[in-house]
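Trainee: May we go through this structure together, beginning with the aromatic rings and then turning to the ligand?

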Amino acid sequence: MARHPPPERNVVPPAAELVVVANRLPVDRGEDDSSWRRSPGGLVTALEPVVQRTGGAWVGWAGQPDLEVEPFDFDGVHLVPVTLSTDDVAQYYEGFSNDTIWPLYHDVIAAPTYHRAWWDAYVRVNRRFAEAAAAAAGEGATVWVHDYQLQLVPRMLREMRPDLVIGYFHHIPFPAYGIYSQLPWRSQVLEGLLGADVIGFQRVADAGNFARAVRRRFGYDTRAGAITVPTGDGGQRTAIAKAYPISIDTASYEELAQRPEIQARAAEIRAELGNPDTVLLGVDRLDYTKGIRHRLKAVGELFDDGRLGTGDATLVQVASPSRERVAAYVQLRDEIELAVGRINGDHDTIGFTAVRYLHHSYPREEMVALYLAADVMLVTALRDGMNLVAKEYVASRVDGRGVLVLSEFAGAADELTQALRVNPHDIEGLKDAVMTAVSMPVEEQRRRMRALRRRVRDNDVSAWSARFLGDLRAVRGGDA
Ligand code: G6P
């Protein structure tokens, strides 16, 4: 990973042609360390080359409270850090973004909290991001805003800079109106989003929910995803609401999976697990949307019932730490660790572990080795915008083997139709699907994996960003 010295001051203010605005910058640095590293993650891989090509800018938070850093250049991208105070982190990030919008938009799996002070912070911080983007963008530039933390930015930006072409991509689900309408600020958020020329969603259903919410609240015409928005001066403009399913950098996963040292590491992982017949794998941020408890319940019962034999099968569960100061996440961690302890207490022997639980995140090389080591990948999300882990597993299976068990509530289910589809709330159905996966003949594994791999190759992340930016360009040219 590239390491850079602290940034130089007084970089000439740019007039970028393309500005990405996201809650996080594409770099971070350790608490005790002043050098910047490129953050791992799909969005960075996807957008960095496009931003580099255009000499563009990226506006975002450096991930630590009260950190004030001047804009600086990193790997050909002009980075514009937005400072969040300790209060902003508590109220805008942990509060409104992750304790109001996140649970509400994931179908209230956890109860959303509505606090007026959090909303005020959300407005204030969104304005700060919009101002930073407005200052970085050249005349007539394209600004691409990302995700639920910044839903007010498109409209704020349009008011500040009517010359800009504005895109917004929503990485998480957009709920049905019956749920969305709980939000005390439901009209302001829709108005915020409608400031964009193109509003992208993961699934066709999300785009439909958004258009219906706009129709219900404002009565605007929303035919075929083209929303007619009055401009206030008697005129009108069109905003497009459409699905653009996000993807991964498929080729880089394939390349890693072909490396002999990573294949050797996969074999070593199986050996370290005691060479069980079946390795089951779960990989998630530790989040209540991911259905980790449902997965543990199903696998625990399969051990209880003797359908999975002690010593024959192991579940490896990677749960990477996330949003650890939000109460619902603290509670979830306790529940999961209790469940793992119970299963292991009942089924472990001195030499064998039923569930190998890893509360860490790992570099991509180790993840690909884990994917290669796993016979069955369990993606049991209760609600998920896309779920890129499902796509990473498929991309890594260059050997054509392995079985993906995939929740119908993950966006990836729309594309990955050759996976074993499950409803994670149906524990009996989930148990049966796990057993079908465990005993699936190799020929069937190959047939399904071939179709899955084709899909992930055809729609990789550069195809995704090209589609979105192509539609934005069409807006500029007036032929959207
Ligand atoms: C989801 C969201 C992203 C977010 C990521 C990690 O994928 O869609 O916007 O960045 O989770 O969460 P964090 O709160 O650590 O940024």
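**Aromatic rings and ligand**

Mentor: Tyr92, Phe96, Trp119, Tyr122, Phe129 and Trp185 are joined into a cluster by ring pairs (Phe, Tyr or six-membered Trp rings with centres within 6.5 Å; planes under 30 degrees apart are stacked, over 60 edge-to-face, the rest tilted). The model is predicted, with local features needing pLDDT of at least 70 and side-chain atom pairs pLDDT 80 or more, while totals for chains, interfaces and linings use all residues. Residues are numbered from 1 along each chain as its sequence is written, and side-chain values use heavy atoms, without hydrogens and water.

Trainee: How many aromatic pairs are there in the whole structure?

Mentor: A search finds 24. In one of them, the rings of Trp36 and Phe72 have centres 5.1 Å apart and planes at 35°, so the pair is tilted.

Trainee: Are Trp36 and Phe72 buried or exposed?

Mentor: Both Trp36 and Phe72 are buried (under 20% relative accessible area; exposed is over 50%, partly exposed in between, with a 1.4 Å probe and protein chains only).

Trainee: And why is the pair of Trp119 and Trp185 classed as it is?

Mentor: Its planes are at 5° and its centres 5.3 Å apart, so the pair is stacked. Trp119 and Trp185 are both buried.

Trainee: Now the ligand: which side chains have an N or O atom close to its oxygen atoms?

Mentor: For Tyr93, the distance from a side-chain N or O atom to a ligand oxygen is 2.6 Å. For Asp147, a polar side-chain atom is 2.5 Å from a ligand oxygen, and for Gln149 the distance is 3.2 Å (polar contacts are pairs of N or O atoms within 3.5 Å; within protein, one must be able to donate a hydrogen and the other to accept it, and residues adjacent in sequence count only if both atoms are side-chain atoms).
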